[in-house]
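Hello,

Here is the structure we talked about. Please open it first, then read the notes below beside it.

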Amino acid sequence: MNVFDQLQQYGDVLCNEPLKKHTTFRIGGECDYFVYPKNILCFLRIQQILKEKAIPYQIFGKGSNLLCSDDAFHGVVICLDRYFNNFYFEEDGTLLAEAGCSIILLAQEAMRRSFTGLEFASGIPGTLGGALYMNAGAYKSEMASFVQQVLVYREGRLEWIDKLELDYSYRHSIFQSKPTWCILGAKLKLTKGDQKEIRTLMDSRRARRLASQPLDKPNCGSVFRNPQDNQAWQLIESIGYRGKVIGGAMVSDKHANFIVNVGDAKANDVYQLIQEIQDKVKERYGIEMITEVERFNWKE
């Protein structure tokens, strides 16, 4: 049985699929197979098949924090956002959710049940898995504040890992140094709040995002982490890079910590902008600009 026939027993499979269709940057070359596992049992069997055949793979959610190269990826992309999207709220504020859940949806569902905690995530266009991987945050809140345990597939086993073992800090988790670990779900703890206040806060932040961020153009969100005691956008603006264009990529003239795809941008267009910003900020201020966006399928 060939790879396609094996994989399609356990998920929806697309062959020679352009990754630009699956990233918010709308950038990325083709992958051999793009697979949506139907459930955890199928996910585990797909892992076995890939290991047996020594086929490389990458886990995707909504592709909102990825800069994929334009080269072909000769492997499998496993995407969790189609079927791994079940979630369960308990009366005490416990939330169990699968990694493919939209973090925006979870924030809205928490608000509907008068639970507070996820308001900061109501504008992050990614999945729970991606948010846990990056320790996503906004408005001085972050995922680590609400995580209790994460369900992880590692070394052939499914395990619940406590938050204290996950090395969470600003935009950092242990997952970033463990590429073979797969996040499949999490247990969060929220608290009761006033639904009207929660809704008002989410609405005001939505209006603020629409006014300050270039949400009308393909982008990956904030490109750089904020250096200590500095704002990334201010540093980028100070070196004259607001509105800077390379190929089809542009530093947003609305928010300088966003790079937007303004015309069939290539991955290298974006990466060249990133490198130039890093070099110029380092030269002028001695500050290392560390990216939030993750690169995939790049030749070092």
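In which sense do strand 2 and strand 5 pair, and over how many bridges? Strand 2 (residues 30-37) and strand 5 (residues 73-79) run in the parallel sense where they pair, and four bridges join them. One of these partnerships can be found by residue: phenylalanine 34 has valine 77, in strand 5, as its bridge partner. Please keep in mind that this is a predicted model.

The sheet

Both strands belong to an open sheet of four strands, in the order 1-2-5-3, and the pairing in the sheet is mixed. Strand 1 (11-18) and strand 3 (57-60) are the edge strands, as each pairs on one side only. On average, neighbouring strands of this sheet are turned by 25 degrees against each other, direction ignored.

Helix 2

Helix 2 lies across strand 2, strand 3 and strand 5. Relative to strand 5, helix 2 runs at about 165 degrees.

The second largest pocket

Helix 2 (40-52) also turns up in the lining of the second largest pocket, where helix 2 and strand 11 (147-154) each supply at least two residues. Which element gives the most to this lining? Helix 2 does, with four residues. The pocket holds about 270 Å³ of space. Among the residues that line it are Gln47, Leu50, Pro56, Tyr153, Glu155 and Thr180. By type, the lining divides into five nonpolar, four polar and three charged residues.

Regards

Note on methods. Residues are numbered from 1 along each chain as its sequence is written. This is a predicted model: local features need pLDDT of at least 70, side-chain atom pairs count only at pLDDT 80 or more; totals for chains, interfaces and linings use all residues. Side-chain values use heavy atoms; hydrogens and water are left out. On a 1 Å grid over the protein atoms alone, a cavity is a set of points where a 1.4 Å probe fits but cannot get out, and a pocket is an open set with protein on both sides within 12 Å along at least five of seven lines; lining residues have an atom within 4 Å of a point. Grid points are joined across faces, edges and corners, and a volume is the space filled by probe spheres set on the points. Ala, Val, Leu, Ile, Met, Phe, Trp, Tyr, Cys and Pro count as nonpolar, Asp, Glu, Lys and Arg as charged, and the others, Gly among them, as polar. Two strands pair if DSSP finds at least two bridges between them. Axes are lines fitted to C-alpha atoms, for helices over the stretch in contact, and angles run from 0 to 180 degrees between N-to-C directions. Contact means heavy atoms within 4.5 Å.
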